Amino acid sequence: METSLLPSGPEKTLEGWPDWSILIVDDEQGMLNFLVKTLAPRCHFVMSATSAEDGAQWLRGHHVDLIILDISLPGKSGVVWLKELREQGFTGEVILITAFADLDTAIEALRAGASDFILKPFRVPQILNAVKHCYERSRLRRENFVLRRAVAQPPGRGTALVGQSPDLHNLRASIARVAPVNSTVLLQGESGTGKELVARELHAQSSRASGPFVPVNCAAVSPELIESELFGHAKGAFTGATRARDGLFHYAQGGTLFLDEIAELPLPIQATLLRAIEDLKIRPVGSEQLVPLNLRIIAATNRQLSAEVEAGRFRKDLFFRLQVVDLNLAPLRAHKQDIPELVAHFMAQLAPSLGVEPLTITAQEMDFLAQYDWPGNVRELRNLIERSLILGALNVSALYPGVKPAADNRLAPALPTDLHAMEKLHILTVLDSVQGDKTRAAHLLGESRRTLERRVAEWNSV
């Protein structure tokens, strides 16, 4: 087994695949030398082996994206080993090469799971085109996965950074400074303040904008599955793992991985994440392979992580590693001057998709919106506009249940003036309107179900 390692850097050719690792398996030393010389300047690193057995030994501890495999090998043939690789869950690309082939051999190779089939002797452009097609196929497969996840996300994402308040101007300036660098970013702010929106802006303004943006809500995945969801798993890693599966780190390669609600990660997974960030490598569950990473991590939480560290619920070393750049997002009540512009934006965004006419908001109704303290922040405002468009009138009663406006356009004194009491009243009213369905209520309030359950539990314990 020989290895050709090459540092990534500006000296790499533009026509290449700097994130890819390639394994070449051929018993002809001349062919190995030719392929290594051709591919090494264009890839992250290239490895070579002279038999399927040597290649299998290497794969037990290392990750590769592409295997260039000769069919005629001493010992196990290339086609037989390819079948074994696919049965074991290898999902990478495979190019089969041979000097002796007929139609039956080509059909057998494709049935075994080959991505391409090339006859020897071949020239440099032929092998480069084959590798290029494999790279594009792999990229499209990752993009399709990311797009399917994006389609499955709840509505209301992708809102522009709307507002002219000092808070919004400062946030835009911070994004412009932070986006070009590759450092880890920690976003802290209440639920509904737009942390994923800011993460997407950081990605869009970065050098990784052409790569994937992969969001994952750590609170929405069970603790038993989160490790496999993030890092992937090998076949047989646990009961029910009938095939290997790539994790979200794999699909975020070349782009950005957004870890929302990171405070919800179990402590053992926090340790694994810290190692991944430090080493820029991950190890799928049940595998001996180390997979190199090329991505940026942006984390977000609606809790104060420093308090979580003090309480022993979050690792101090991971907190400091994530806090390379720390952006705090202001709640909507701190920049209420942006409410009119946000209302107009949501109205223009939602009315066409709902097939209804935009509403005309009176000055009195806008005053009511400004008086409210928005515990669910911008997301709650968006949900209010959506409900109002469906009902055909601004749904002020959803904010102030049972309270009617006074003659001077201020709210009647019966409304609680304490912020926490108002928030509790609002949340309980929303829960009552959906017959206690916490999942539906959490969506309407613009926060996670786990956060809602924690608040209700705190009230019940008093």
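Two strands are taken to pair if DSSP finds at least two bridges between them. With that in hand, a tour of this predicted model can begin with its sheets. An open sheet of five strands follows the order β8-β9-β12-β7-β13, and its pairing is parallel. β8 (213-217) and β13 (325-328) stand at the edges with a single partner strand each, so one side of each has no neighbour in the sheet. From one strand to the next, the twist averages 20 degrees. At the β8 edge, the partner is β9 (residues 256-260), and five bridges join these parallel strands. One position to look up here is P215, whose bridge partner in β9 is F258.

Another parallel pairing links strand β4 (residues 66-70) with β5, again over five bridges. In this pair, L66 is found opposite E93 of β5. In a regular strand, side chains alternate between the two faces of the sheet. Strand β5 (residues 93-98) can be read in that light: E93, I95 and I97 point one way, while V94, L96 and T98 point the other way, and all are buried. The strand is thus mostly covered, with six of its six residues buried.

Turning to the helices, α17 (residues 438-445) has A441, A442, L444 and L445 as buried residues. Viewed down the axis of α17, these buried residues fall within an arc of 165 degrees, so they line one face of the helix. After α17 comes G446, which has a positive phi, near 80 degrees.

How are helix α15 and α17 arranged when they pack? Helix α15 (residues 377-391) packs with α17 at an angle of about 100 degrees, and their axes are 7 Å apart. Angles of 65 to 115 degrees count as roughly perpendicular, and α15 and α17 are therefore roughly perpendicular to each other. The contact brings E380, N383 and R387 in α15 together with H443, L444 and L445 in α17. By character, the residues of this contact divide into two nonpolar, two polar and two charged. L444 and L445 thus appear both among the buried residues of α17 and in its contact with α15.

Some totals round off the picture for the whole chain. The secondary structure comes to 18 helices and 13 strands. Of the 462 residues in the chain, 49% are buried. Among contacts with a separation of 6 or more, 71% are between residues 24 or more positions apart.

Methods:
Residues are numbered from 1 along each chain as its sequence is written. This is a predicted model: local features need pLDDT of at least 70, side-chain atom pairs count only at pLDDT 80 or more; totals for chains, interfaces and linings use all residues. Side-chain values use heavy atoms; hydrogens and water are left out. Helices (H or I, at least four residues) and strands (E, at least two) are DSSP runs, numbered from the N terminus. Axes are lines fitted to C-alpha atoms, for helices over the stretch in contact, and angles run from 0 to 180 degrees between N-to-C directions. Buried means under 20% relative accessible area, exposed over 50%, partly exposed in between (1.4 Å probe, protein chains only). The arc is that of the directions from the helix axis to the C-beta atoms. Angles under 35 degrees count as roughly parallel, over 145 as roughly antiparallel, 65 to 115 as roughly perpendicular and the rest as oblique. Contact means heavy atoms within 4.5 Å. Ala, Val, Leu, Ile, Met, Phe, Trp, Tyr, Cys and Pro count as nonpolar, Asp, Glu, Lys and Arg as charged, and the others, Gly among them, as polar.
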